[in-house]
Amino acid sequence: MSTLPSPSADALAASQALSRHIADQIAAHDGWLPFSRYMELALYAPGLGYYAGGSRKFGAAGDFVTAPELTPLFAHTVARQLAELLPHTAGIVYEFGAGTGVLAADLLAALDALGVPPARYCIVDLSPELIERQRQTLAERVPHWLDRIEWLTELPAELDGVVIGNEVLDAMPCELLRWDGAPLQRGVTVRDGAFAWEDRPIADAALQSLADTVFPSLPGYTSEISLANRGFITLLAERLVRGAILLIDYGFPRAEYYHPQRHMGTLIGHYRHHTVDDPFYLPGLMDLTCHVDFTLIAEAGLDAGLDLIGYTTQAQFLINAGLTAELAALDIDDHATYLPMANAVQKLTNPAEMGELFKVIGFGRNVPIDWIGFTQGDRCHTL
């Protein structure tokens, strides 16, 4: 940890305040919190959590870079898929976890260029700080569409349109389990003035049921199960009367997720473009994330009555949807523009970078068309 960048005095003070808040919560709950609750507080505690505070999160000056931040070609390609779906709905886009607003701005511009501007663009986000950044980004980039953009703090009773989420599932609090014969739920306590692990028997029946579907072959195997992911998909399915759900994130089907070689799980921290194994490092200043079990996502959608449209790699989806055509439309002789775009496309599609690890899954209801993004390379059979 000594090689990591040091936080400012103000940032360190905020992290210490959040640590005290979490410790108070632990003390108020019999000296123990499930890891999911620790992660929820570390990320979303009002005014102090990672996504609720004022630290810069996205881009070169932040902790990580997302696909929309790399190049507008990502949004332009996704817009091609949305442009086919929206006319079969009420024409509303619902984006979850819109980050800095770059994806929203680029999608709006691209859909307008395709002649399919959305009737409304609804952003669902819980971070006041990020919502303000989104407002600024959209006001700067697409001011003529501001009258169609609205921010929601909760879902409408009915959804009729296209739901999109890029790197949303991985940011939802996960349950942490350790298998020593029977699975145990890993939680957080305070020991000698510092956060520490403590395992307890599973009390939640839903978590126990999911844990029983995993059969690790190694004692001490540690991994995650996301009840939050399952609940999110179930809620979307309950509200979706017509339309589509498109989710992009990093993860694996269940057989790969719980592979014996992945015996320490996928939980990781991101701090100033460094990966950190200790989830207790600088709470509130470090992102916490775990990979997505896409089998769990597919099961949740099917159990809730959605149609599973497709599941494939990010590279395959973007190529199917026209990423190479978007790149080819640029002036190759304009090196200042073309070369950065070409490098970004390489990063989005290269199997050694984002192309293979990131997956795309699509669900539908009452939308009678084939999706261009899944025309080739569908992997639903692996789920």
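Helices are DSSP runs of at least four residues, numbered from the N terminus. The model used in these exercises is predicted.

**Exercise 1. Helix H11 and what follows**

Find the residue just after H11 and give its phi. Then decide whether H11 is enclosed or open, and name what covers its buried residues.

*Solution.*
Step 1. Go to the end of H11, which spans residues 314-321. Gly-322 comes just after H11 and has a positive phi of about 110 degrees.
Step 2. Count the buried residues. Six of the eight residues in H11 are buried, so the rest of the structure largely encloses this helix.
Step 3. Name them. They are Gln-314, Ala-315, Phe-317, Leu-318, Asn-320 and Ala-321.
Step 4. Look for the cover. It includes helices H4, H12 (323-328) and H13 (335-349), together with strands E10, E15 (307-313) and E16.

**Exercise 2. Strand E10 and its partners**

Work out how many residues of E10 are buried, and which strands pair with E10.

*Solution.*
Step 1. Start with burial. E10 covers residues 240-252, and eleven of its 13 residues are buried.
Step 2. Take E5 (residues 159-166). Eight bridges link E5 to E10, and the two run parallel. Val-163 has Ile-245 in E10 as its bridge partner.
Step 3. Take E16 (residues 358-365). This strand pairs with E10 over eight bridges in the antiparallel sense. Here Asp-249 has Lys-359 in E16 as its bridge partner.
Step 4. Take E14 (residues 292-293). Two bridges join E14 to E10, in the parallel sense. Opposite Phe-252 stands Asp-293 in E14.

**Exercise 3. A residue in H9**

State whether Arg-254 is buried or exposed, and list its contacts beyond four places in sequence.

*Solution.*
Step 1. Place the residue. Arg-254 lies in helix H9 (residues 254-257).
Step 2. Apply the cut-off: buried means under 20% relative accessible area. Arg-254 has 16%, so it is buried.
Step 3. List the contacts. Leaving out neighbours within four places in sequence, Arg-254 touches Thr-213, Asp-293, Thr-295, Leu-296 and Glu-299.

**Exercise 4. A three-strand sheet**

Give the order of the sheet that contains E11, and name its edge strands.

*Solution.*
Step 1. Read the order. The open sheet runs E12-E11-E13, with antiparallel pairing.
Step 2. Find the edges. E12 (274-276) and E13 (287-289) each pair on one side only.
Step 3. Add the twist. From one strand to the next, it averages 30 degrees.
Step 4. Check one pair. E11 (residues 268-271) and E13 are joined by three bridges. Gly-269 stands opposite Leu-288 in E13.

**Exercise 5. Two crossing helices**

Classify the angle between H4 and H5, and give the hand of their crossing.

*Solution.*
Step 1. Get the geometry. The axes of H4 (residues 72-85) and H5 (residues 102-113) come within 8 Å and cross at roughly 55 degrees.
Step 2. Classify. H4 is therefore oblique to H5.
Step 3. Give the hand. The crossing is right-handed.
Step 4. Inspect the meeting point. Among the H4 residues there are Phe-74, Val-78 and Leu-82, while H5 residues include Leu-103, Leu-107 and Leu-111.

**Exercise 6. Disulfides**

Explain why Cys-290 and Cys-174 form no disulfide.

*Solution.*
Step 1. Recall the bond. A disulfide is a covalent bond between the sulfur atoms of two cysteines.
Step 2. Set the cut-off. The two sulfur atoms must lie within 2.5 Å.
Step 3. Compare. The cysteine sulfur closest to that of Cys-290 is in Cys-174, at 3.2 Å, which is too far for a bond.
Step 4. Give the total: zero disulfides by this rule.

Methods
Residues are numbered from 1 along each chain as its sequence is written. This is a predicted model: local features need pLDDT of at least 70, side-chain atom pairs count only at pLDDT 80 or more; totals for chains, interfaces and linings use all residues. Side-chain values use heavy atoms; hydrogens and water are left out. Buried means under 20% relative accessible area, exposed over 50%, partly exposed in between (1.4 Å probe, protein chains only). Two strands pair if DSSP finds at least two bridges between them. Axes are lines fitted to C-alpha atoms, for helices over the stretch in contact, and angles run from 0 to 180 degrees between N-to-C directions. Angles under 35 degrees count as roughly parallel, over 145 as roughly antiparallel, 65 to 115 as roughly perpendicular and the rest as oblique. A crossing is left-handed if the near helix is turned anticlockwise from the far one by less than a right angle, and right-handed if clockwise. Contact means heavy atoms within 4.5 Å.
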